[in-house]
Amino acid sequence: MKRRSHESAEHHVTGKAVYTDEQRQPSGMLSLYPVISPYAHARILRIDVQAAYGVEGLVTVLAAADVPGHNDTGPIIHDEVLFPTTEVSYWGQAIVWTVGETEEAARLAAEKVVVEYEPLEPILTIESAIAANSFHNQPQVIKHGNPLEALQESEYRLQGEVLMNGQDHFYLETHTSWAIPDGEGHYQIYSSTQHPSETQNIVAEVLGVPINQVNVTCLRMGGAFGGKETQANPFAALVALAAYKTGRPARLKLRRHHDMILTGKRHGFLGKYQVGFDGSGKIQALDVNLYADGGWSLDLSPPVLLRAMLHVDNAYYLPNVKVVGQIAKTHKVSNTAFRGFGGPQGMIVIEEIIDRIARVLQLPPETIRDRNFYHGTGETNTTHYGQEVRDNRIARIWQEVQERSNFTERKSAIAQFNQTHPHCKRGLAITPVKFGISFNKLLYNQAGALILIYTDGSIQLNHGGTEMGQGLHTKMLQVASRALGVKIERFRMMPTSTDKVPNTSATAASSGSDLNGQAVKDACETLKKRLAPVAAQLLQDSHPHKSLEVLTEEIVFEDDWVYGRSDPQSKVTFEAVVSQAYCDRISLSATGFYRTPNLTWDANTNTGTPFYYYAYGAAVSEVEIDGFTGNFKLLRVDIVHDVGSSLNPLVDIGQIEGGFVQGMGWLTMEELVWDNQGRLRTFAPSTYKIPTISEIPEQFHIHLLERASQDGTIYGSKAVGEPPFMLAMSVREAIRSAIAEFGQADYIPLALPATPEAILMAIEAIRNASEVSTPLVGTSQT
Ligand code: MTE
Ligand code: MOS
């Protein structure tokens with residue numbers, strides 16, 4: 001479909017776009033502020049709020065005793081207390097919340113609250129959680145073939161570890177919630193949430209009321225990236241509780257440092273692997289243990305871990321695999337969804353392995369990648385969890401991105417450059433992405449829509465998805481306009497609200513437009529079916545020889561006109577049809593619904609067809625690193641990405657750019673540092689470095705794969721939100737290949753994130769390894 005700029009683009013740049021906390025405030029609105037724990041793990045001995053009441057403007061203090069329903073906001077299991085009463089589980093955990101006439105009053109009062117603690121030993125790393133046997137769950141296993149036997153029989157064997165950091169979402173709009181009580185026991189919540197229905201459920205649970213008493217509305221989010229899939233729930237519950245207790249409207253908008261201290265992040269992971277391969281570099285067997293740092297409560301860790309386990313293959317056929325996954329329980333924030341949802345953490349492991357294989361065999365990494373791709377049909381094109389990779393587009397994309405980036409020529413040019421530059425080296429790398437689309441949890445793969453046509457022909461469009469900057473609303477307007485055959489200007493996109501479309505899924509797993517698009521289309525089809533006989537009646541005079549039934553069958557809605565296919569010249573306006581329908585007492589509103597077909601998943605064996613299809617892409621990145629400082633510069637990036645038949649190329653290219661840069665941030669610069677007492681030391685932009693415009697490559701070429709229409713999706717399109725994130729693995733591999741130029745070694749250890757310090761240390765290691773003489777190549781190493 002068409003390139004069309006984001007429906008709110010102009011309002012974003014002029015500041016007119018209204019976010020939750022920018023609405024006109026109702027009078028008498030109160031503000032909340034947290035009292036946070038100075039310990040990562042402690043017993044709570046005493047909470048004394050008396051002194052807070054001495055502060056002018058303090059209205060009340062919210063604590064566990066105020067909760068009429070459940071003092072818990074856990075989305076999967078009830079392990080997430082809203083107000084801890086006996087134990088502190090992470091540094092910065094909010095113990096009580098002050099409620100003031102102003103945020104300033106609440107803040108001053110919070111300083112007066114006295115909490116006595118008995119500090120306890122915290123568990124702060126995955127390694128120490130393993131040592132202490134501190135886990136949220138039992139080990140999960142996916143097994144295919146005979147991995148252990150095949151390992152023993154492999155010509156070559158390697159083992160190793162990959163430790164990766166988490167990532168802060170750093171959305172521009174921090175967590176925000178409003179609650180407005182109506183005085184009759186109902187609560188209108190405005191929340192910056194990706195999952196309004198779950199927020200609604202949890203608010204109802206905390207208040208101890210039926211779900212229908214609570215309505216949750218999300219206007220739009222100033223970014224979410226998975227960080228508002230569950231993390232918005234406690235804040236919505238808190239303002240609701242404040243409204244319940246005081247009878248007044250209440251708001252909460254986290255300060256940036258509180259947002260970074262209190263909310264869950266991408267899971268850090270530890271991957272331990274053993275791989276067996278042959279002399280050509282083909283992987284024979286893989287045995288992987290993935291440990292996710294779940295933090296203090298479970299949150300979404302099980303599905304995040306599962307997605308990691310389902311993506312350790314990336315685009316590679318693994319004949320014999322065992323993947324074991326477990327969630328470490330630590331005294332840190334409860335880690336959560338973040339773009340890629342575990343996929344990146346799983347895929348990093350296999351890319352690390354591939355590079356090691358290449359260096360041991362002294363073959364180019366891209367050759368090893370190529371040799372291991374899924375291919376053919378049947379076994380060699382089937383994943384370790386039993387889903388066949390139908391519509392496998394890897395080879396096609398791989399070839400195209402190499403051509404478009406002049407890969408071969410540039411590789412030799414870079415080799416020459418490196419020979420003449422002893423202190424500055426360039427690296428070029430290409431990596432693939434295959435990413436499964438659908439929620440792993442089957443029941444989430446459903447969506448609804450509600451379309452209301454008014455008598456003047458103007459329309460309100462509701463669907464269950466939320467807008468977080470990804471352009472979902474824009475795409476839904478395009479889908480509705482095309483499906484109903486009317487101009488886009490006719491629609492008003494309504495804020496996402498649980499009283500319009502109930503029981504929705506999170507806007508997540510990149511499936512927002514796939515699911516809601518089909519639901520919107522379904523509603524449009526229903527409306528057209530109702531309007532077609534009305535139009536036929538109006539057009540009957542110009543089709544004298546046709547029965548009404550026949551004419552009804554051939555009615556076309558197009559561009560605000562309605563006509564019979566056999567005579568496009570005789571037409572009536574959409575308005576005329578609508579107003580006639582109203583006179584004829586035909587309903588002008590309709591719901592739409594969709595569920596993704598053909599998905600299966602057996603949670604006992606961890607096998608099935610959990611994904612409706614895969615999204616594919618590949619990226620070529622070139623970097624230059626400075627041997628004195630470890631600084632790197634990303635010189636050029638070429639991407640070929642498969643979005644099917646794009647719903648909106650402009651939005652899709654924006655998603656690819658943004659996803660790639662965010663992935664690069666995770667892999668190369670964003671560093672979360674907790675000290676040995678579990679205090680997060682990086683909770684502001686001054687200490688936590690996210691990519692800025694200056695890190696964006698000067699040459700950034702993005703090409704959408706052509707002739708790529710996908711069967712069975714909304715207008716042939718494919719999901720785009722998360723897959724490009726993982727294209728950034730090419731940056732890390734390019735850095736690695738540049739580091740390799742500083743010496744000779746069959747292993748280039750490179751810490752994650754690859755900050756200048758990490759790069760410098762890797763260069764040192766390579767230089768030293770070269771002096772000592774490289775370890776043996778060509779023998780079996782375990
Ligand atoms: N793009 C912007 N601008 N802001 C965001 O918060 N979130 C990402 C991605 N792109 C995000 C974004 C994540 S994590 C997901 S799952 C998808 O958008 C969700 O939207 P979709 O399903 O409509 O693609
Ligand atoms: Mo995206 S991590 O699925 O919200």
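How much space lies in the second largest pocket? In this predicted model, the answer comes out at about 850 Å³. A whole crowd of residues, 35 of them, lines this pocket, and the closest to its centre are I76, L300, P303, K441 and Y444. Two elements give two or more residues to the lining, namely α5 (196–207) and α8 (301–310). Of these, α8 chips in the most, with 6 residues. Sorted by class, the lining is a mix of 17 nonpolar, 13 polar and 5 charged residues.

Next comes a sheet. Strands of a sheet pair through backbone hydrogen bonds, and they can do so in parallel or antiparallel fashion. Here, 8 strands line up as β3-β5-β1-β12-β9-β10-β11-β20, making an open sheet with mixed pairing. At its edges sit β3 (58–62) and β20 (496–497), each with a pairing on one side only. Zooming in on one pair, β1 (residues 30–36) runs antiparallel to β5 (residues 94–100), and 6 bridges link the two. Within that pair, L32 stands opposite V99 of β5. Helix α6 (residues 232–246) lies across β1, β3, β5, β9 (176–181), β10 (187–191) and β12 (250–253), and the angle between α6 and β9 is about 30°.

Last up is a single residue, S513, which belongs to helix α14 (residues 512–539). Is S513 buried or exposed? S513 counts as buried because its relative accessibility is 11%, and the cut-off for buried is under 20%. Leaving aside residues up to four places away in sequence, S513 touches L472, K475, M476, Q518, L647 and I714.

Technical notes
Residues are numbered from 1 along each chain as its sequence is written. Chains are lettered from A and ligands numbered from 1 in the order in which they are written. This is a predicted model: local features need pLDDT of at least 70, side-chain atom pairs count only at pLDDT 80 or more; totals for chains, interfaces and linings use all residues. Side-chain values use heavy atoms; hydrogens and water are left out. Helices (H or I, at least four residues) and strands (E, at least two) are DSSP runs, numbered from the N terminus. Buried means under 20% relative accessible area, exposed over 50%, partly exposed in between (1.4 Å probe, protein chains only). Contact means heavy atoms within 4.5 Å. Two strands pair if DSSP finds at least two bridges between them. Axes are lines fitted to C-alpha atoms, for helices over the stretch in contact, and angles run from 0 to 180 degrees between N-to-C directions. On a 1 Å grid over the protein atoms alone, a cavity is a set of points where a 1.4 Å probe fits but cannot get out, and a pocket is an open set with protein on both sides within 12 Å along at least five of seven lines; lining residues have an atom within 4 Å of a point. Grid points are joined across faces, edges and corners, and a volume is the space filled by probe spheres set on the points. Ala, Val, Leu, Ile, Met, Phe, Trp, Tyr, Cys and Pro count as nonpolar, Asp, Glu, Lys and Arg as charged, and the others, Gly among them, as polar.
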